[in-house]
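Colleague: I'm new to reading structures, and I'd like to know where the terms come from. Can we go through this one together?

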Amino acid sequence: MSYTHDRLLKGVSIGDAEERIRAALAEAGFGVLTEIDVKETMKKKIGAEMDGYRILGACNPKMAHEAIGIEPRVGAMLPCNVILRETDGGTEISAIDPVASMAAIDNDELHAVAGQVRDMMVRAVDAA
């Protein structure tokens with residue numbers, strides 16, 4: 001089972017890919033709650049050089065509220081992370097598969113919500 005849904009945007013810069021995925025996430029009802037520029041952080045904290053790598057923490061408030069109502073501690077697994085990673089051919093976008101990340105929780109009702117969120121994330125990545 002793959003734990004992400006991935007898409008390579010050939011010839012697209014990480015900045016342009018970020019604009020595209022943010023717009024697609026917004027269209028799907030997600031907001032970006034957190035942003036981490038991993039490349040910048042690694043350089044600053046440990047002096048490591050790496051290709052561009054960003055993490056966006058996306059959340060759909062309606063779906064998050066529903067999930068928390070079903071399983072109050074599920075917030076430890078939120079938000080849904082989306083990464084942007086520079087590659088030789090462009091930028092890869094990868095979004096977490098909420099079904100895979102929720103597999104450790106034995107709750108069929110929560111898994112159904114995770115399936116809905118997965119479908120929404122897949123559509124957003126594919127639309128970027």
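**Sheet and core**

Modeller: Sure! This is a predicted model, and 5 strands form an open sheet in the order 1-5-4-3-2, with antiparallel pairing.

Colleague: Which are the edge strands, and what makes them edges?

Modeller: They're strand 1 (4-10) and strand 2 (31-37), and each of them pairs on one side only. From one strand to the next, the twist averages 20 degrees.

Colleague: How do you know that strand 1 is joined to strand 5?

Modeller: Pairing takes at least two bridges between two strands. Strand 1 and strand 5 (residues 90-96) have 7 bridges and run antiparallel, so they count as a pair. In that pairing, Leu9 stands opposite Thr91 of strand 5.

Colleague: What does helix 2 touch on the sheet?

Modeller: Helix 2 (residues 38-46) touches strand 2 and strand 3 (53-59), and its direction makes about 40 degrees with that of strand 2.

Colleague: Why is a group of residues called a nonpolar core?

Modeller: Its members must be buried residues of kinds such as Ile, Leu, Val and Met, joined through side-chain atoms within 4.5 Å. The largest such core here has 30 residues, and Ile21, Leu25, Val82, Ile93 and Met121 have the most contacts inside it. Helix 5 (108-127) is among the elements giving two or more residues to this core, and the largest share, 8 residues, comes from helix 5.

Colleague: What does Val82 touch?

Modeller: Leaving out residues up to four places away in sequence, its partners include Ile21, Leu25, Ile93 and Met121, and also Arg54 and Ser94.

Notes. Residues numbered from 1 in each chain as written. Predicted model: local features only at pLDDT ≥ 70, side-chain atom pairs only at ≥ 80, totals over all residues. Heavy atoms only, no water. Helix = DSSP H or I, 4+ residues; strand = E, 2+ residues; numbered from the N terminus. Axes fitted to C-alpha atoms, helices over the stretch in contact; angles between N-to-C directions. Contact = heavy atoms within 4.5 Å. Buried < 20%, exposed > 50% of the residue type's maximum accessible area, 1.4 Å probe, protein only.
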